[in-house]
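Ready to work through a structure by hand? Have a look at the model below, then try each exercise before reading its solution.

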Amino acid sequence: MKALRSDAESRASGAAGVMIEIDRVSQVFQTSARKDHLALSDISLQVEDGAFVSILGPSGCGKSTLLYIVGGFVAPTSGVAKMRGRPITGPGPDRGPVFQEFALFPWKNALGNVMYGLLQQGAGRAQAEAQSRELLKMVGLKGYENFYPKELSGGMKQRVALARTLAYRPEVLLMDEPFGALDAHTRTRLQNDLLNIWERDRKTVLFVTHSVDEAVFLSDKVVMMTQTPGRIRQIIDIDLPRPRVRTDLLIDPRYQKYVVDIERMFDDIDAGDAS
Amino acid sequence: MKPTGIRRAAPLLACLGLLVVWQVASLALRNDSFPTALEAIRAVPAILGDKESLINILASLRRMAIGFVLAVGISVPLGLMMGRSRAVAAFFNPLLMVIYPVPKAALMPIIMLWLGVGDVSKTLVIFLGVSLPVIYHSFEGAKAVEEKMIWSGAAMGLSAVQRMFRIILPAALPEILTGCRTGLVLALITMVTSEMIARQSGAGNILFNALDMGQYDTVFAMIIIVGAMGICLDSAFERVRARLVRWSEPNFNVPLSFS
C-alpha cells in the first residue's frame with residue numbers, strides 16, 4: 001500500500017508551514033454514571049498551512065471533540081493544541097467553525113447572519129453589507145438575503161452558515177460533519193461548491209466526517225481514527241489532482257483504490273470492535 | 001359570513017353570551033347583591049366620569065407599571081444567568097421554590113408592617129408577583145439555547161457578556177416574552193389584591209368600598225373595568241410580542257425546496 005503512510009512519517013514530512021499542531025492530546029469525559037470515559041487518547045497531528053485535512057472515523061470516536069479542542073470550545077484534559085505555534089486557550093476569529101446543526105441566529109435573516117461577524121470585527125455597516133451580499137451570492141443564495149433561517153431548507157441553511165463563517169476571514173475552517181444532516185443530492189452539491197470556494201484561496205480546512213467518499217473527494221490528507229478510545233489509526237495522503245471533478249474521480253482507479261482501502265480499514269476497526 | 005369574519009367576531013360573541021347569561025341569571029335570582037348586567041354596565045360611565053375614581057385607577061396602573069417594569073428588568077438577567085450557570089441556578093433555585101407557591105397577597109400584611117400601606121408596599125407585592133414567572137421562563141429559555149450557537153458567537157470574538165446580551169437574550173426571547181405575558185396578568189391580579197388589603201387608593205379600593213356600602217352595581221362595574229383593563233393590556237402586549245418574535249412563529253415556517 002504505497003499511498004498509505006504511517007503517522008510518524010507524514011509528521012516528519014510536514015515540518016514547514018504548520019498551521020495547527022495537536023500535541024499528545026487526551027480527553028476524558030465524565031459519563032452520566034459518573035465514570036471516566038476516555039474519548040481521545042494521545043492524539044498528535046500536524047496540519048500544514050493551506051491543507052484540506054479530513055478526520056474520518058466511526059461515530060463516537062471523538063473526532064468532533066478533537067475539532068472542538070482546536071476551536072477552543074473544549075479544553076483538553078491533557079496535551080496541547082497550537083495554532084501557528086501558540087497554544088489555543090479559547091475560541092477566536094482565526095478559527096471559524098461550521099456545525100452540522102447550522103447554529104444560525106434565528107432572529108437574523110440570511111444577510112444579518114452573514115454580517116454578524118463582520119460587524120463584530122468592527123467593519124462599517126455599508127461595507128459589511130456589501131461583503132455579505134457578495135458572499136451570499138458566492139454560496140448560491142442571491143435573492144435570499146431577507147429570508148429567515150426558518151424559511152430556508154437544510155442545504156440553504158448550511159450555505160448561509162458557511163458564508164457567515166467565511167465572512168470574518170478565519171485562517172482555518174473547522175467543519176464538524178457539515179453535510180451530515182443533508183440528503184444525498186444536496187450533500188453532493190454542497191461538496192462540489194465547497195471545493196470550488198476552497199480553490200479560490202485554499203484556506204486550511206479541518207473537516208470531520210464519517211463518510212469515506214466525502215473525505216477522499218475533498219481532502220489532501222485523511223486522518224483515520226479508531227474507536228473508544230479515539231486514536232489516530234493512520235494518516236493517508238490523497239494524491240489526486242485538483243481541481244477535482246466528482247464525475248471524473250468516480251471512474252478514476254486511484255480514487256476507487258483510496259476509497260476501497262479506507263473502507264477496508266473501517267471494516268477492520270468494526271471487526272476489532274465486535275471482538 | 002366568511003370564516004375569518006366568524007373568527008374575528010367570536011370573542012365579541014363570547015362576551016355578549018356571557019352578559020346574556022348574567023342578565024338572565026340575575027333576573028331569575030332576584031338577589032339584591034347580584035345586579036343585572038345592564039345595571040352594572042350603566043354604572044361604568046359613572047365611575048369613569050368621576051375624577052376621584054379616575055385618579056384611583058390611574059394610581060393603580062402606575063404602581064402596576066412600575067412593579068412590572070422593575071420585575072422584568074431584574075428577573076430577565078437573573079433568569080438568563082441561572083440558565084447559563086449551574087452555580088447561579090443552584091444558589092437561587094431553592095430560594096425561588098420557597099417563594100413560588102406562597103400567594104404574594106399573603107405577604108402583604110407583613111410587608112405593610114414594614115413599609116406601610118403606601119405605594120411602596122403595593123408595588124413590592126406586584127414586583128414579587130411578576131418576578132417569578134419571568135425568572136422561570138428566562139431560565140428555561142436560556143437553558144435551551146443551542147450551545148453551538150453560542151460557540152459560533154464566541155468564534156466571532158464576542159465576549160461572555162456580549163454573548164449573554166446578543167445571543168442568549170435574543171435566542172431566549174420567545175420564552176422570556178411568554179413569561180412576561182403571564183407576569184402582566186399576575187401584575188393586574190396582585191394590583192387588585194394588594195389594594196384589597198391595603199385599602200387606601202386604587203381600583204381595588206373603589207371595589208371594596210362599594211362592597212362595604214352595598215353599592216353592588218358599582219362592585220360589578222369595577223369587575224368589568226378590571227377585566228377590560230386585563231384584556232386591553234394583554235392584547236397590546238401580545239401585539240408587541242408577536243412583532244418582536246415573528247422569526248420564531250410556527251406559521252412563519254414555510255421551508256423552500258432548494259438545496
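What follows is a set of short exercises on this predicted model, each with a worked solution.

**Exercise 1. Find the domains of chain A and describe how they meet.**

Step 1: Start with the bounds. Domain 1 of chain A covers 4–94 + 171–274, and domain 2 covers 106–169. Notice that domain 1 is written as two stretches.

Step 2: Check the spacing. Between the C-alpha centres of domain 1 and domain 2 of chain A there are 26 Å.

Step 3: Look at the contact itself. Domain 1 of chain A puts in 10 residues, and domain 2 of chain A puts in 10 residues. On the domain 1 side, helix α6 (residues 184–201) of chain A gives the most, with four residues. Sorted by class, that side of domain 1 has eight nonpolar, one polar and one charged residues.

**Exercise 2. Work out which parts of chain A touch chain B.**

Step 1: Count the residues. The contact brings together 29 residues of chain A and 21 residues of chain B.

Step 2: Name the elements. On chain A's side, β7 (95–99), α3 (110–120), α5 (154–167) and α6 each supply at least two residues. The largest share, four residues, belongs to β7(A).

Step 3: Sort by class. The side of chain A that touches chain B splits into 14 nonpolar, 10 polar and five charged residues.

**Exercise 3. Trace the open antiparallel sheet in chain A and say which strands sit at its edges.**

Step 1: Write down the order. Four strands line up as β3-β2-β5-β6 (chain A), with antiparallel pairing.

Step 2: Read off the ends. β3 (36–48) and β6 (86–87) of chain A each have a single partner strand, so one side of each has no neighbour in the sheet.

Step 3: Zoom in on one pair. Strand β5 (residues 78–83) of chain A is joined to β6(A) by two bridges. In one of the bridges, A:K82 has A:P87 in β6(A) as its partner.

Step 4: Add the helix. Helix α2 (residues 63–71) of chain A packs on this sheet and touches β2 (18–30), β3 and β5 of chain A, and its direction makes about 120° with that of β2(A).

**Exercise 4. Is strand β4 of chain A enclosed or open, and which strands does it pair with?**

Step 1: Check burial. Five of the five residues of β4 (residues 52–56) of chain A are buried, so the strand is largely enclosed by the rest of the structure.

Step 2: Split the strand by direction. A:F52, A:S54 and A:L56 point one way, while A:V53 and A:I55 point the other way. In a regular strand, side chains alternate between the two faces of the sheet.

Step 3: Find the partners. β4(A) runs parallel to strand β9 (residues 204–209) of chain A, with five bridges, and parallel to strand β10 (residues 221–226) of chain A, with four bridges. A:V53 is bridged to A:L206 in β9(A), and A:S54 to A:V222 in β10(A).

**Exercise 5. Follow A:L206 into the largest nonpolar core.**

Step 1: Size up the core. The largest nonpolar core has 130 residues, and A:V70, A:L206 and A:V223 have the most contacts inside it.

Step 2: See who contributes. Helix α8 (residues 160–197) of chain B gives the most, with 14 residues. Domain 1 and domain 2 of chain A both give residues to this core, so it lies between them.

Step 3: List neighbours. Leaving out residues up to four places away in sequence, A:L206 touches residues including A:I20, A:V47, A:V53, A:L67 and A:V70.

Terms used:
Residues numbered from 1 in each chain as written. Chains lettered and ligands numbered in written order. Predicted model: local features only at pLDDT ≥ 70, side-chain atom pairs only at ≥ 80, totals over all residues. Domains from an automatic or database assignment. Contact = placed C-beta atoms within 7 Å. Nonpolar A, V, L, I, M, F, W, Y, C, P; charged D, E, K, R; others polar. Pairing = 2+ DSSP bridges. Axes fitted to C-alpha atoms, helices over the stretch in contact; angles between N-to-C directions. Core = buried A, V, L, I, M, F, W, Y, C linked by C-beta atoms within 7 Å. Buried ≥ 20, exposed ≤ 12 C-beta atoms within 10 Å, placed from the backbone.
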